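Work through the exercises below with the sequence and the model open. Each task is followed by a worked solution.

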Amino acid sequence: MTISTQGPPPELDLDEAPTYASAPVEEQRLHRKRQLAAAFRIFARYGYDEGVAGHVTARDPELTDHFWVNPYSVHFSKIKVSDLLLVDAQGRIAHGARRTNKAAFWIHSSIHDARPDVVAVAHAHTVHGRARSWCRPSSAPPGRSTATPGH
């Protein structure tokens, strides 16, 4: 699937954030899930995806040791609010019927656990990152997507 980046980006109809002090938790949760689904679409629009690699998470507003994450093997451009999975602190799916990416759990749970002030975490695989790794392999962090010319 090719996503055009020509021309101005489409306007996004994003909800205003609820006033958290007075909004019911279900309203806060729905708002956060809508924002997360929109973030996936924005990532896809600007090429911050590579196939189905990468993940973005958002901490649940009530169950703060849980986070919402994209399901495994769904392209960022296709993710809807109803696709999102709620994962608990042990990596079990608390809400949703699809598989999650185990790497998403290990990467994101570590950050959410270490930084309770952080609401969202993103990890992307991009063609830009791969190109950078080819240009200066000694300065790129080692990893699955780091390419070393000639190897």
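The model is predicted. In the salt-bridge exercise, begin with Asp 88, whose salt bridge with Arg 92 has its closest N and O atoms 2.9 Å apart.

**Exercise 1. Take stock of the chain: how many helices and strands does the chain hold, and in what order do the elements run?**

Step 1. Count the elements. The chain has three helices and five strands.

Step 2. Read them from the N terminus. The order is α-β-β-β-β-α-β-α.

Step 3. Add the burial. Of the 151 residues in the chain, 36% are buried.

Step 4. Add the contacts. Take those with a separation of 6 or more: 52% of them join residues 24 or more positions apart.

**Exercise 2. Lay out the sheet: what is the strand order, and which strands stand at the edges?**

Step 1. Write down the order. The five strands form an open sheet, β4-β3-β2-β1-β5, with antiparallel pairing.

Step 2. Find the edges. β4 (93–95) and β5 (120–123) each have a single partner strand, so one side of each lacks a neighbour in the sheet.

Step 3. Note the turn between strands. On average, neighbouring strands of this sheet are turned by 30 degrees against each other, direction ignored.

Step 4. Zoom in on one pairing. β3 (residues 85–87) and β4 are antiparallel and share two bridges. One residue to look up is Val 87, whose bridge partner in β4 is Ile 93.

**Exercise 3. Place helices α1 and α2 on the sheet: which strands does each lie across, and at about what angle to β1 does each run?**

Step 1. Take α1. This helix lies across β1 (55–59), β2 (67–69) and β5. Its direction is at about 165 degrees to β1.

Step 2. Take α2 (residues 102–114). This helix lies across β1, β2, β3 and β5. Its direction is at about 40 degrees to β1.

Step 3. Check the length of α1. At 1.5 Å a residue, its 21 residues should span 30 Å. The end C-alpha atoms of α1 are 30 Å apart, which agrees.

Step 4. Ask what faces the strands. The buried residues of α1 pack against β1, β2 and β5. Among them are Leu 36, Ala 37, Phe 40 and Phe 43, and also charged-type names such as Arg 32 and Lys 33.

Step 5. Look just past the helix. Gly 47, just after α1, has a positive phi of about 80 degrees.

**Exercise 4. Assign the salt bridges: how many are there, and how accessible are the partners?**

Step 1. Recall the idea. Side chains of opposite charge can pair when their charged atoms come close.

Step 2. Apply the cut-off. A side-chain nitrogen of Lys or Arg must lie within 4 Å of a carboxyl oxygen of Asp or Glu. The count comes to six salt bridges.

Step 3. Inspect the pair in α1. Arg 29 and Glu 26 have their closest N and O atoms 2.6 Å apart. Both sit in helix α1 (residues 25–45), three residues apart, about one turn of the helix. Residues three or four places apart in an α-helix point the same way, because there are 3.6 residues a turn.

Step 4. Classify that pair. Arg 29 is buried at 10% relative accessible area. Glu 26 is exposed at 52%.

Step 5. Return to Asp 88. This residue is buried, at 9%.

Step 6. Inspect Arg 115 and Asp 117. Their closest N and O atoms are 2.6 Å apart. Arg 115 is partly exposed at 43%, and Asp 117 is exposed at 53%.

Step 7. Join shared partners. Salt bridges link Glu 26, Arg 29, Asp 60 and Glu 62 into one network.

**Exercise 5. Classify the aromatic pairs: what geometry do Phe 43 and Tyr 48 have, and what geometry do Phe 105 and Trp 106 have?**

Step 1. Choose the descriptors. A pair of rings is described by the distance of the centres and the angle of the planes.

Step 2. Count. The structure holds five aromatic pairs.

Step 3. Work the pair Phe 43 and Tyr 48. The centres are 5.9 Å apart and the planes stand at 65 degrees, so the pair is edge-to-face. Tyr 48 is partly exposed at 40%.

Step 4. Work the pair Phe 105 and Trp 106. The centres are 5.0 Å apart, with 70 degrees between the planes, and this pair is edge-to-face. Phe 105 is buried at 7%, whereas Trp 106 is exposed at 59%.

Step 5. Link the rings. Ring pairs join Phe 40, Phe 43, Tyr 48 and Phe 76 into a cluster.

Notes: Residues are numbered from 1 along each chain as its sequence is written. Side-chain values use heavy atoms; hydrogens and water are left out. Helices (H or I, at least four residues) and strands (E, at least two) are DSSP runs, numbered from the N terminus. Buried means under 20% relative accessible area, exposed over 50%, partly exposed in between (1.4 Å probe, protein chains only). Two strands pair if DSSP finds at least two bridges between them. Axes are lines fitted to C-alpha atoms, for helices over the stretch in contact, and angles run from 0 to 180 degrees between N-to-C directions. Contact means heavy atoms within 4.5 Å. The expected span of a helix is 1.5 Å times one less than its number of residues. Rings of Phe, Tyr and Trp (its six-membered ring) pair if their centres lie within 6.5 Å; planes under 30 degrees apart count as stacked, over 60 as edge-to-face and the rest as tilted.
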